[in-house]
Amino acid sequence: MVTTSNYLATQAGLKVLRDGGNAIDAAIAAAATLSVVYPQMTTIGGDNFWLIYNAKTGDMRALNASGRAGEKATIDFYKQKGLSKIPSRGYLSANTVPGAISGWDEAYRYGQQSMGGKVGWSQLLDSAIGYAQDGFAVTPSLAKWSKINVDPADQEFRNLQRFDGFRQTYLKPDGGAYQVGEVLRQPALASTLRTIAKDGAKAFYDGPIAQKIVDDLQRNGGVLTRKDFATHKANWVTPLKVPYRDTVAYNLPPNTQGMAALEILNVLNNFDVKKLGEGTADYYHLIIEATKEAFADRDRYLSDPDFVQIPVDFLLSRQHGVDQAKRIRMETAATAVKPLDPKGDTIWLGVVDKDGNAVSLIQSVYHDFGSAIVPEGTGVLLQNRGSFFSLDKSHINHLEPGKRTFHTLNPAMLTKNGKPLLVYGTMGGEGQPQTQAAIVTRVVDFGMTPQDAINGPRWLHGRTWGAASNDLKIEGRTPSAVTDELKKRGHPINVVDDYTDTMGHAGAIWIDPASGVRYGATDPRGDGTAAGY
C-alpha cells in the first residue's frame, strides 16, 4: 500500500513495490516524483525525516535528514545588512543545506542491507526524471499556489516572479501561472536527477550539482559554501514514543516538533475521549487545549539538541501529562498562549510493503515554493527553512553556523503488540500535531476507518499570514451548535471552507492486526490517492 498527496507519486511508489522493491525503495520513488510534480510543497532542495519499521528485526528506526545552517550564516552577517529578521524569500533565506537527497541515500543503504530489495538506485528516480523531462499535468494544488505566489502586491512573501529562477522554472513564457491541466516541463531538473541517478548522492553534495548551486548563491550574495555541502550528512536518531490506550505512538525527536505531537496524546491519556463523543464541542475543546499545553513546551525548548539541552524525557513523562491535564478547564479556553506561526508546506507519504516493512516519510521546502531560488542550470528549488531561525541571541532557536533549526516536520506511526497498526502523517506546519491527534483519536477511540478519520471536519489553532493573534480555524461543515458552544468557551472562531487545504494534506495506512489487510487513506483536500495490490 502507498499513500501520497499526488496520484502520480503514489503510482511511482506502487510500481517500485510491484518490481520487487521494499518500502524504503517505494518511498524514495514517491518522494522523488513529488519533488517534480508538487514543487509548491517539496523539492530536492528541501529536507526530510523518516520513521522506518523493519519487519525482519522488529526495530523502529528514525532518520533526520535536515540541513544545517552554513558556516557563514551568523547573526552578525544578517545584522550587518541592517536586518532584524531573516528574509522569508530570496537568496538570504536559503541558508541551510538541502538534506532530502542525503535522507534518500542513507535510507536506501539501510534498506538494501537489512530488508533486501531488487530495485537499483537509478531505477528509483525513473518516474521523477520522466515527469521532469516530458512534463506532467498541473494539478489543482499546484495551480492554486502558483497563482497565489505571483501576487505583486505582497513584496515580502509573494511576487515570486521577481526571482529569475522561479519565473523561468515555474511560470509560462508570458509570466503567467500554469492552469490546471496545462503541462509543466523542467528539463534542467531532469538533467540534475539523471546525474544523481547515475552518480548517487555524492554528485549533489560533493560534485557538479553542489558546485552549480554554490556558484549561483555566491554570485547573488548567498551564504552556503562547498564545504557546507561536502560535510552534510543525515543522522540516525532514536525515535520518541508514548503509550496511547493499547497502542504506542512513535515520532521524531528534536529538532522536529514530534515531541509536541506526542505530548498531545500524553495529555489525552488522562481523559475518556470516547465518552466525550467524536465531533462534539467537548472533543474539539479538549484537543485544542491539549495542543496549547504541548505548544507552550515546544516553543520554550525546541531547537537543535546538539546546541541546547531539551528535557524530552520529562516532557513525555506520565506525570507531566497528568499535570498538563489538570490545567485544562473544560468550560473555558486558555488565553495565556503566544501566537503560533502559520507557515509550513510539506508532503507526507506512507508505504507498507508485502513483508510488513513500513515507512512514514515527511519532506518539505518550508513555505510554499521555499526560498523561490532556483540556482541557474540546476532546476533545484531551494528551501527557506533557515528563515525560521531567530536573530535574537537569547532565543532558544537563534541562528548559529552548523545548527539545525526548529522543524515542524514529524512523521508518525502507531504500533500494537510491537507491530505497525497505523502509519500516518500530514503536511501543514502548526496543523501537523493537531491533525495527527484528530486521526489517532478518531481511529483508536472511535473506531473510524482511516479515510473517515481524515475526511472528518478539521480545525487549526494558530494564526494566518501576517495576523498578530491566534484564531481557531474550523471547517464550515462543523455543526453551528458546536462552533457556537466553542465561541461561548472563549475560542476565537474563524469558520473556513468545508475542505480547505489550510488543514493540510493528511494520509494514513491502517494494518488490520488479525488479517494483515492494509486500509489506505488520502486527503480530499489534496491531489493524492492511496493505492495497493
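Helices (H or I, at least four residues) and strands (E, at least two) are DSSP runs, numbered from the N terminus. Two strands pair if DSSP finds at least two bridges between them. The model you are looking at is predicted, so local features need pLDDT of at least 70 and side-chain atom pairs count only at pLDDT 80 or more, while totals for chains, interfaces and linings use all residues. Residues are numbered from 1 along each chain as its sequence is written, and side-chain values use heavy atoms, with hydrogens and water left out.

**Exercise 1. Find the hairpin of E11 and E12, and say how many residues lie between the two strands.**

Step 1: Go to strand E11, residues 412–416. Five bridges join E11 to E12, and the two run antiparallel.

Step 2: Check one pair: Ala412 stands opposite Tyr424 in E12.

Step 3: Look at the turn. Two residues separate E11 and E12 in this hairpin, and Asn417 in the turn has a positive phi of about 55°.

**Exercise 2. Place E12 in its sheet: what is the strand order?**

Step 1: Follow E12 to its other partner. Strand E16 (residues 506–511) is joined to E12 by five bridges, again antiparallel. Here Thr426 stands opposite Ala506.

Step 2: Now write down the whole open sheet. Its six strands come in the order E7-E8-E11-E12-E16-E17, with antiparallel pairing. The edges are E7 (240–244) and E17 (518–522), each pairing on one side only. Neighbouring strands are turned by 15° against each other on average, direction ignored.

Step 3: Visit the E7 end. E7 and strand E8 (residues 247–251) pair in the antiparallel sense over five bridges, and Tyr244 stands opposite Thr247 in E8.

Step 4: Add the helices. Helix H13 (residues 258–268) lies across E7, E8 and E12, at about 20° to E7. Helix H18 (residues 431–445) packs on the sheet too, touching E7, E8, E11, E12 and E16, and its direction makes about 140° with that of E12. Contact means heavy atoms within 4.5 Å. Axes are lines fitted to C-alpha atoms, for helices over the stretch in contact, and angles run from 0 to 180 degrees between N-to-C directions.

**Exercise 3. Why is E12 described as largely enclosed?**

Step 1: Recall the term: buried means under 20% relative accessible area, exposed over 50%, partly exposed in between (1.4 Å probe, protein chains only).

Step 2: Apply it to residues 419–426. Seven of the eight residues of E12 are buried, so the rest of the structure largely encloses this strand.

**Exercise 4. Describe the sheet of E13, E14 and E15: which strands are at its edges?**

Step 1: Three strands form this open sheet in the order E13-E14-E15, and the pairing is mixed.

Step 2: Its edge strands are E13 (459–462) and E15 (493–496), each pairing on one side only. The twist averages 20° from one strand to the next.

Step 3: Pick out a parallel pair. Four bridges join E14 (residues 471–475) to E15, which run parallel, and Glu475 has Val496 of E15 as its bridge partner.

Step 4: Finish with helix H15 (residues 281–301), which lies across E13 and E14 at about 35° to E13.

**Exercise 5. How do H2 and H4 run relative to each other?**

Step 1: Two packed helices are described by the angle between their axes and the distance between the axes.

Step 2: The axes of H2 (residues 23–37) and H4 (residues 100–114) come within 9 Å and cross at roughly 160°.

Step 3: Angles under 35 degrees count as roughly parallel, over 145 as roughly antiparallel, 65 to 115 as roughly perpendicular and the rest as oblique. H2 and H4 are therefore roughly antiparallel to each other.
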